[in-house]
Amino acid sequence: MTSTAHRPDRGRPGRDDGRDETPEERADRRWTDLLQELRVAQTGVQILFGFLLAVVFQPRFAELSDADRTIYVVTVVLGSATAAALIGPVSYHRLLTGRRLKPQTVTWASRMTVVGLVLLFCTMCSALLLILRVALHSSVALWLVGAMALWFLICWFVFPAWALARSSSTRDR
């Protein structure tokens with residue numbers, strides 16, 4: 001067992017969730033957590049992107065209006081950017097492995113993942129808009145996309161922000 005005398009960072013206030021771990025141990029744990037999160041997001045993005053790529057080869061694609069084609073192109077570009085952002089952390093980690101940069105790698109990979117989630121939000125809304133415009137042929141599509149966009153924002157960003165604020169206020173007491 002290693003004593004805390006050899007690990008000067010142990011027991012200091014303001015630590016990541018109060019765990020007794022070195023910066024390297026914390027980076028390893030955070031990296032493992034991030035990989036699990038990325039597995040979920042990457043799978044969904046890859047499936048969605050694959051479907052988007054196949055749409056252009058369907059016979060009905062020729063019947064789309066100019067506006068719907070524009071929405072399709074925007075959706076494909078967003079899907080591509082989303083895939084890049086959510087797969088990027090894996091490449092980042094692979095290229096920097098063994099260079100004693102794990103804490104920095106985790107920080108940058110986490111930032112890329114947040115960018116990927118924002119892009120995924122945009123991709124989902126754009127894909128929904130295209131699908132609902134084609135399916136409904138009415139302005140109801142915009143209202144439904146708006147409602148779903150709000151729901152995504154609440155689930156992905158508002159609830160975590162609320163939990164963080166609530167946690168901070170509890171610790172301040």
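## Ring exposure and the pairs

Is Trp156 buried, partly exposed or exposed? In this predicted model, Trp156 has a relative accessible area of 28%, so Trp156 is partly exposed. For a ring-minded reader, that makes a handy way into the aromatic contacts.

With ring centres required to lie within 6.5 Å, the count comes to three aromatic pairs.

## Phe61 and Tyr72

Take Phe61 and Tyr72: their ring centres sit 5.1 Å apart and their planes meet at 70 degrees, so this pair is edge-to-face. Phe61 belongs to the loop between helix H1 (23–55) and helix H2 (66–96), while Tyr72 is in helix H2, so the contact ties together parts that are eleven residues apart in sequence.

What about solvent? Buried means under 20% relative accessible area, so Phe61, at 12% relative accessibility, counts as buried. Tyr72 counts as buried too, with 7% relative accessibility.

## The Trp156 cluster

Back to Trp156, which pairs with Phe157. The geometry there is edge-to-face, with 6.5 Å centre to centre and 70 degrees between the planes. Phe157 comes in at 28% relative accessibility, so Phe157 counts as partly exposed, and Trp156 is partly exposed as well.

Which residues do ring pairs link into a cluster? They are Phe152, Trp156 and Phe157.

## A charge over a ring

Trp108 has a charged neighbour rather than a ring to talk about here: Arg111 lies over the face of Trp108, at 4.8 Å from the ring centre.

Definitions and conventions. Residues numbered from 1 in each chain as written. Predicted model: local features only at pLDDT ≥ 70, side-chain atom pairs only at ≥ 80, totals over all residues. Heavy atoms only, no water. Phe/Tyr/Trp six-rings, centres within 6.5 Å; stacked < 30°, edge-to-face > 60°. Helix = DSSP H or I, 4+ residues; strand = E, 2+ residues; numbered from the N terminus. Buried < 20%, exposed > 50% of the residue type's maximum accessible area, 1.4 Å probe, protein only. Lys NZ or Arg CZ within 6 Å of the ring centre and 35° of its normal.
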